Amino acid sequence: MSMTDEYTPTTGMGDALEAVKEAVSSKELVAYLTHYYVHDQSITATDGRMVACGPFPDEREYLVPADEFEKVLALVGEDGKISIKDDHILVSGRKRRAKVRTLDPKNFAHLLPPEGKEPCPDTLLPVLRRLRPFVSDDASKSWAMSVMFKDGCGYATNNVVVAASTLDEPFKDVLIPSWAVDYLLARDIAPNEYALSENCLAFHFPDGSWMRTQLLVGEPPELIFTLMGGVTDTSTGSIIHQEWRDAFEAVAALSENEVRIHPTKLSGGKRHADVEIDVQSGVAGEASFHPKFMGLVLTAADHWDLSTYPDPAPWWGNNIKGLMVGRR
């Protein structure tokens, strides 16, 4: 019986995609970037920036479009089977069949992880989860599109808010790009090892899967780390009470670009509406902040000091601290 006549059960294939689906490209710039490469009981995907590879219950070789493959596996479930033909695969289950066109596997190319593994901190994912909301999407400052690690501490900034969270174990200085952060946070298991070279970073997982990402070009300003080094004490700050949070949410819902903070009230508005809510705010004069960025801080902070306005306001939470720039 030839290789093309054999079939493999689909058992476990859907679950195996979890290790690689985040690495599939959303743009069809190059055909194979939207495909899965199955080879030697592994499955690989790449979007050109990162590569992800994991164990897969099929030792044969084929290059199949990711979106259709995912949907067809869901269609036939765990009791189906896959047969390989010259330019397509046949996926069949109980009363369900699908034909998915494939590409020549020789068209697929990807890079491998760098050599030299080191233990990955157990606290890496919690730190990434805390900092991810503060990562910028401004491509003009590539370093801001990452979680930046320096001296065992992670940093992120959207150019209005800077946030920092500390690791409990050693970790090399590196900028982890936002897409790699999203991949790590989407997995249901944590990496146990990592490897770093001059231009790439890789994470290895206990199930045998791995992810490799290109590193960003550019260095963050040293001022970020200097300023955050001064945010060390919550004794001068005040607790953010639920009453204040509720008042902010109500004002922010009617405020497009600005929430104004007064000693005894919050105010704001947009177009045809103005709103005020009485609440103690811990400021001597009047301060102004963008509701979008203040809202981000409120998801992480339990203390802050708004009295520093118009200088950046320090804030603190559970293993996270930061500075928030107000509007002038």
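**Charges, strands and turns in a predicted model**

Trainee: Let's kick off with D79: buried or exposed?
Mentor: This is a predicted model, so to speak of D79 is to speak of a computed position. Exposed takes a relative accessible area over 50%. D79 comes to 60%, so D79 is exposed.

Trainee: Where along the chain does D79 have its place?
Mentor: Look at the elements on either side of D79: helix 2 covers 66-76, and strand 6 covers 81-84. D79 belongs to neither of them, and its place is in the loop between helix 2 and strand 6.

Trainee: Which residues gather with D79 in a patch of negative charge?
Mentor: The patch lies on the surface, and D79 has a relative accessible area of 60%. Patch members need over 30%, so D79 passes that cut-off. Its partners in the patch are D15, E78 and D188.

Trainee: On to salt bridges. How many are there by the rule used here?
Mentor: The rule asks for a side-chain nitrogen of Lys or Arg within 4 Å of a carboxyl oxygen of Asp or Glu. K21 and E18 fit, with N to O at 3.6 Å. E258 and R260 fit too, at 3.2 Å. By this rule the count is eleven.

Trainee: How many residues apart are E193 and K117, which meet in a salt bridge?
Mentor: Their N to O distance is 4.0 Å. E193 sits in strand 14, and K117 in the loop between strand 8 and strand 9. The pair links distant parts of the chain, and the separation is 76 residues.

Trainee: What class of exposure do E258 and R260 fall in?
Mentor: Partly exposed lies between the buried limit of 20% and the exposed limit of 50%. E258 has 27% relative accessible area, and R260 has 24%. Both values fall in that range, so E258 and R260 are partly exposed.

Trainee: Now the open sheet: which are its edge strands?
Mentor: Eight strands make up the sheet, with antiparallel pairing, in the order 13-10-11-12-24-23-22-17. An edge strand here pairs on one side only. That picks out strand 13 (174-177) and strand 17 (238-239).

Trainee: How many of the five residues of strand 10 are buried?
Mentor: Strand 10 has partners on both sides: four bridges join strand 10 to strand 13, and three join strand 10 to strand 11. M148 stands opposite L175, while F149 stands opposite G154. Strand 10 is largely enclosed by the rest of the structure, because its buried residues number four.

Trainee: Which residue has a positive phi in the turn between strand 10 and strand 11?
Mentor: The two strands run antiparallel and form a hairpin with two residues between them. The positive phi in the turn is about 55 degrees, and the residue is D151.

Trainee: And in the hairpin of strand 7 and strand 8, which residue takes a positive phi?
Mentor: Six bridges join these antiparallel strands, with L90 and K99 as bridge partners. Two residues lie between the strands. The phi is near 60 degrees, and the residue is K95.

Notes. Residues numbered from 1 in each chain as written. Predicted model: local features only at pLDDT ≥ 70, side-chain atom pairs only at ≥ 80, totals over all residues. Heavy atoms only, no water. Patch = residues over 30% accessible without salt bridge, like charges linked within 9 Å, V, L, I, M, F, W, Y side chains within 5 Å. Areas by Shrake-Rupley, 256 points an atom, 1.4 Å probe, with all protein chains shown as cover. Lys, Arg positive; Asp, Glu negative; His and termini not counted. Charge placed at Lys NZ, Arg CZ, Asp CG, Glu CD. Buried < 20%, exposed > 50% of the residue type's maximum accessible area, 1.4 Å probe, protein only. Pairing = 2+ DSSP bridges.
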